[in-house]
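This briefing is intended for a reader at the bench who has the sequence and coordinates to hand. Please consult the display below alongside the points that follow.

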Amino acid sequence: MSVFGSARRHPSAILLVVQLLGVLVYPAMEGSPGGRVAFEILGIVVLALAVFSVRATPGLTWVSICLGLPAVALSLVDAFNPTEPVIAISGVLHAAFYFYAAYSLLRYMLSDHDVTADELYATGATFTLVAWGFAYLYVFVQVLVPGSFTAAVDPGNDRTWMELLFLSFTTLSSTGLGDVIPITSWSRSVVMLEQLAGLGYVAMVVSRLVGLTITRRSSNT
């Protein structure tokens, strides 16, 4: 089977792999203009893959495109001329896009009682999409209320994208806060919403897929 054929059969797997690779390479892109441009390009690739995944789900492609195109445009503007309004609007659009993509993958996983390989990949991809969405919400909150987050290193500075993504992953996975901490009412409100989303996701989706997998294996024995 060709690589393109595998991508068409398992778009959620490709999206998940690229997002996880992004987690590994983002630190190398911070701190330089060229790295920031590369960071935005990688973000555009993730957006495009998310749109491709949505096309394989019951989600409306035109909605994802209408959210994704302005987000891509603002990402490029932010890379060359970052300003607070651009960062804030870009954060909201990116968050809306990732949440919609996660919603579409969620519908895809819950649409039937069969557990396919791509639905299992979609479990991880949906988690990372939600984590990305909340990270962009944190970006918006940080612009809206400066000083919303503090950390053990440079506590008075704005938190970097990687720090906010780290906060989002630790919150969504319920592993507990690390060295990045919300210290304002708005930031704590968003963190509490993400904690609730993480608990609900594990309870509703992961347990359902595991239960259906066990049921299918039991019926085949």
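**Helix 6 and its surroundings**

In this predicted model, helix 6 is largely enclosed by the rest of the structure, because 20 of its 28 residues are buried. Helix 6 covers residues 117-144, and its end C-alpha atoms lie 41 Å apart. At 1.5 Å a residue the expected span is 40 Å, so the two values agree.

**Overall architecture**

- The protein contains eight helices and two strands.
- Read from the N terminus, the order of elements is α-α-α-α-α-α-β-α-β-α.
- Of the contacts with a separation of 6 or more, 73% join residues 24 or more positions apart.

**Burial and surface**

- The protein has 221 residues, and buried residues make up 46% of them.
- The accessible surface comes to about 11100 Å², and carbon and sulfur atoms contribute 70% of that area.

**Nonpolar patch**

- Val-17, Leu-21, Leu-24 and Val-25 form a nonpolar surface patch of about 370 Å².
- Val-17 belongs to helix 2, which comprises residues 11-29.
- The relative accessible area of Val-17 is 46%, so this residue is classed as partly exposed, a class that lies between the buried limit of 20% and the exposed limit of 50%.

**Salt bridge**

- A search of the whole structure yields one salt bridge.
- This salt bridge links the side chains of Glu-163 and Arg-159, with an N to O distance of 2.9 Å.
- Side chains of opposite charge can pair when their charged atoms come close.
- Both Glu-163 and Arg-159 are buried.

Notes:
Residues numbered from 1 in each chain as written. Predicted model: local features only at pLDDT ≥ 70, side-chain atom pairs only at ≥ 80, totals over all residues. Heavy atoms only, no water. Patch = residues over 30% accessible without salt bridge, like charges linked within 9 Å, V, L, I, M, F, W, Y side chains within 5 Å. Areas by Shrake-Rupley, 256 points an atom, 1.4 Å probe, with all protein chains shown as cover. Salt bridge = Lys/Arg side-chain N within 4 Å of Asp/Glu carboxyl O. Helix = DSSP H or I, 4+ residues; strand = E, 2+ residues; numbered from the N terminus. Buried < 20%, exposed > 50% of the residue type's maximum accessible area, 1.4 Å probe, protein only. Expected span 1.5 Å × (residues − 1). Contact = heavy atoms within 4.5 Å.
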